[in-house]
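Trainee: I'd like a close look at just one part of this one, the stretch around the second helix. Could you take me through it, starting a little upstream and working along?

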Amino acid sequence: MQQVYFLIPGLILPTEAKSAISTCSLETADKLSKSLIEAPIRQDFGSLPFSRSVHLIWAWSVLCRRALPFVTAPYAWSVNQGPQLANEVWSLTLAHADDEGRLAAVDPLTDEAVEAFACAMTVPLREHGFQLQRWDRTLFLTRKRPWGVATRPFEALSGHAPDARVDLAASTEDASAVDAAVRDMNELNAALASAALTSAGTPINALWISGGGCYSNFYPPTKIRSVLSDIDAITGWALAAGILNHRLGHITNAQQWPSDAPNGECIAVLDALYEPWLARNWALWESRLEGVVEQIDVLSQAARKKGCDHAVLVGCGETMTMTLVKKNNNPRSLLARLAGGRKVAAASWIFQDPMSNTVNTAADTARDGGAL
């Protein structure tokens, strides 16, 4: 049995969104849970600081087969043609903090702002063990000695005020590394604030360091044959796991899998819902849902040509996933019309509620011999 996986960050909604989601949108989502082989399967994750980044936990586990914490920066660096380095690489995001401390990435980040930041902050960064690496307008940091922490990816922090209790965690047995990293971050933010930098009129008064670790190839190679994603870190993971570059592609506007990809299992990361989900912009979320559902249908049929006879939809919420497994039949075929299967209304699985009786947990599925 070969499967095509659709990883969908932002598909599973918080309970608070119930009053904002229209009946029409729920009917659109119903299309995802027709002809199911089994009840939707819920899996909960308790791994801070990676809530709101469950899709990265899933992709790291499936592609790389490594334990947490996941590492993103050196793989994004590699995809952006950065040179191979043996030491730690971290992503650096320049942000604006509002009066309540909530962060938003500074956009646009002008060349002049990058130059001014480098002049003001290269020395303070070096004093805290970091070397600034400028890659056009994308900023990375390298360090010789491990920092000893994992931090929340910036995109999942945007719109929130940083909180060391949930946004940083020790990546080794040295719990004191968190306190040291908090001091580093606070002192660097103080130095940045005193520099009074702006970009296109927006004050740059905060920074966030995330995704750090060392690059390594993954062994044994993944059994996944092709990946479609616009997330640089996931593309980098796929390359390091043994998938050739010409068997990878972007998800935006994709209607086919790379022609050179051999038959076998493949993954598409559809992240169009993620940005409005993070921002709690439910009107924008609804406007994008139909396109996501249509792209899943198109790529499902394209995956049939790659030998994928099952489609596995992995919807991601804040701390959990909901998995929908269905036969990947041609919808116009007689087999599809006769196959039947379970139909589950979206309202029973699309909200991150306590589990209903229409949903299995991953533990239930494993106990019954069908764990994914």
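Mentor: Start at Ser35, which is partly exposed, with a relative accessible area of 35% (under 20% is buried, over 50% exposed, and partly exposed is in between, using a 1.4 Å probe and protein chains only). Before we move on, some ground rules: this is a predicted model, with residues numbered from 1 along each chain as its sequence is written, and local features need pLDDT of at least 70. Side-chain atom pairs count only at pLDDT 80 or more, while totals for chains, interfaces and linings use all residues, and side-chain values use heavy atoms, with hydrogens and water left out.

Back to Ser35. You'll find Ser35 in the loop between α1 (23-30) and β2; helices (H or I, at least four residues) and strands (E, at least two) are DSSP runs, numbered from the N terminus. The backbone does something to look out for here: phi of Ser35 is near 55 degrees, a positive value in a residue other than glycine.

Go past β2 (41-44) and you're in the loop that leads to α2. Pro49 sits in that loop, and the peptide bond joining Leu48 to Pro49 is cis, with omega about 10 degrees.

Ser51 belongs to the loop between β2 and α2 as well. Its relative accessibility is 9%, so Ser51 counts as buried. Who covers it? Setting aside neighbours within four places in sequence, Ser51 is in contact with Arg152, Ala156, Glu318 and Thr319, where contact means heavy atoms within 4.5 Å.

Then comes Arg52, again in the loop between β2 and α2. You might expect an arginine to stick out, but at 10% relative accessibility Arg52 counts as buried. With neighbours within four places in sequence left aside, Arg52 is in contact with Arg152, Ala156, Leu157, His160, Tyr274, Trp277, Leu278 and Glu318. Arg152, Ala156 and Glu318 turn up in the lists of both Ser51 and Arg52. If you'd like a ruler on the model, the C-alpha atoms of Arg52 and Glu27 are 25 Å apart, with their positions 25 residues apart along the chain.

Now the helix itself. In α2 (residues 54-64), 9 of the 11 residues are buried, so the helix is largely enclosed by the rest of the structure. Click through Val54, His55, Leu56, Ile57, Trp58, Ala59, Trp60, Leu63 and Cys64 and you've seen the buried ones. Just after α2, Arg65 takes a positive phi of about 55 degrees. A little further on there's another cis bond, joining Leu68 and Pro69, with omega about 5 degrees; Pro69 is in the loop between α2 and α3.

What packs against α2? One answer is α8 (232-240), whose buried residues pack against α2, α3, β12 (226-228), β13 (248-249) and β14 (266-269). Helix α8 is mostly covered too: 7 of its 9 residues are buried, namely Ala233, Ile234, Thr235, Gly236, Trp237, Ala238 and Ala240. Just after α8, Gly242 has a positive phi of about 105 degrees.

Both helices also help line the largest pocket. By pocket I mean an open set of points on a 1 Å grid over the protein atoms alone, with protein on both sides within 12 Å along at least five of seven lines; lining residues have an atom within 4 Å of a point. Its volume is about 1,400 Å³, counted as the space filled by probe spheres set on grid points joined across faces, edges and corners. The lining takes in 37 residues, and Thr93, Ala105, Thr138, Phe154 and Glu155 lie nearest the centre. Besides α2 and α8, at least two lining residues each come from α3, β3 (88-97), β6 (138-143), α5 (154-157) and α9 (274-279).

Zoom out for a second to place all this. The protein chain has 12 helices and 17 strands, and its C-alpha atoms fill a box of roughly 70 × 45 × 40 Å along the principal axes. Buried residues make up 50% of the 372 residues. Of the contacts between residues at least 6 apart in sequence, 73% join residues at least 24 apart; the link between Arg52 and Glu318 is a handy example to pull up on screen.

Technical notes. On a 1 Å grid over the protein atoms alone, a cavity is a set of points where a 1.4 Å probe fits but cannot get out, and a pocket is an open set with protein on both sides within 12 Å along at least five of seven lines; lining residues have an atom within 4 Å of a point.
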